Protein chains: 2
Amino acid sequence: MKIPEGMKYDEHGLLTAVVQDHITGEVLMLAFMNAEALRLTLETRIVHYFSRSRQKLWKKGESSGHVQHVKEIRLDCDQDAVLIKIDQVGGACHDGYRSCFYRVIEGEGVLRVDGLKVFDPKQTYKS
Amino acid sequence: MKIPEGMKYDEHGLLTAVVQDHITGEVLMLAFMNAEALRLTLETRIVHYFSRSRQKLWKKGESSGHVQHVKEIRLDCDQDAVLIKIDQVGGACHDGYRSCFYRVIEGEGVLRVDGLKVFDPKQTYKS
């Protein structure tokens, strides 16, 4: 699989990636990809990102086992974002939830937790 | 509605917003919000963004009529992205499609159009 022509990377060489459960439609996370991460994702059908905090390529689930199997990749009109439909092993969020979007903004800035907790981060990420 | 504490805006003062149809779960678009856009979105229940190309506040649908009515706003674990579930009038994409993600990346970088076209941009955006 080749990368389509005309991709619009930002000033840091990154695209935004939205990741969605391919069956339920639940949005699981948002992260960033450089060209290498997109190429590896297309080739291996396992999602790879570029970690902005660690400034390195990041194969999702490499340490936790919570890998993301690609089912479909869509491109937006501006070609600066991709929507990836996946089969998620375990949970996408490092806080232990299935989705990173596990809190709802309610009145007066209050956050209500509303998400499925699927693993214990202390166990998964222990050194 | 107040903005929750601890939001993490980027170096341009922006958050990423993923917008999803509240019934079908279809991801419709991805855009950016500054604090003012988020405040207006929370208060009016109509989605507002910050346009990076025009460098100004942008009420979605102001010229096209394709407004987005807020049903729920979720926050991600890092507090630098929001997921907004909406009721979309017309289409989210300025190319005339219901969703901006109307193309699938296929083998060898080929893009296949797979999206519902709901309006004619030439008619909607005529001067």
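Helices (H or I, at least four residues) and strands (E, at least two) are taken as DSSP runs and numbered from the N terminus. The structure is a predicted model, for which local features need pLDDT of at least 70 and side-chain atom pairs count only at pLDDT 80 or more, while totals for chains, interfaces and linings use all residues. Residues are numbered from 1 along each chain as its sequence is written, and chains are lettered from A and ligands numbered from 1 in the order in which they are written.

The model obtains an ipTM of 0.95 and a pTM of 0.95. For chain A the average pLDDT (the predictor's confidence in each residue, from 0 to 100) is 95, and 99% of the residues score at least 70.

Chain A contains two helices and eight strands, arranged along the sequence in the pattern β-β-α-β-β-β-β-β-β-α. Its C-alpha atoms occupy a box of roughly 40 × 40 × 30 Å along the principal axes. The radius of gyration of chain A, 15 Å, agrees with the value near 14 Å for a compact globule with 127 residues; this radius is taken over C-alpha atoms, and the globule rule is 2.2 Å times the number of residues to the power 0.38. Of the 127 residues of chain A, 35% are buried. A residue counts as buried if 20 or more other C-beta atoms lie within 10 Å of its own, as exposed if 12 or fewer do, and as partly exposed in between, with C-beta atoms placed from the backbone. Two residues are in contact if their C-beta atoms, placed from the backbone, lie within 7 Å. Among contacts in chain A between residues at least 6 apart in sequence, 42% link residues at least 24 apart.

In chain B, helix α1 spans residues 35–44, and its buried residues are B:A37, B:L38 and B:T41. These residues lie on the same side of α1(B), because they cover an arc of only 100° around the axis, the arc being that of the directions from the helix axis to the C-beta atoms. Their cover includes β1 (15–21), β2 (27–33), β3 (48–51), β4 (56–59) and β5 (68–75) of chain B. After α1(B) comes B:R45, with a positive phi near 65°.

Chain B is superposed on chain A by a rotation of 180° with 0.0 Å of shift along its axis (RMSD 0.0 Å), by least squares on the C-alpha atoms of residues with pLDDT of at least 70 in both. This is the relation of a two-fold axis. In chain B, the C-alpha of B:G25 is the nearest to the axis, at 2.7 Å. The copies meet through the same surface, because 100% of the interface residues of chain B are also interface residues in chain A.
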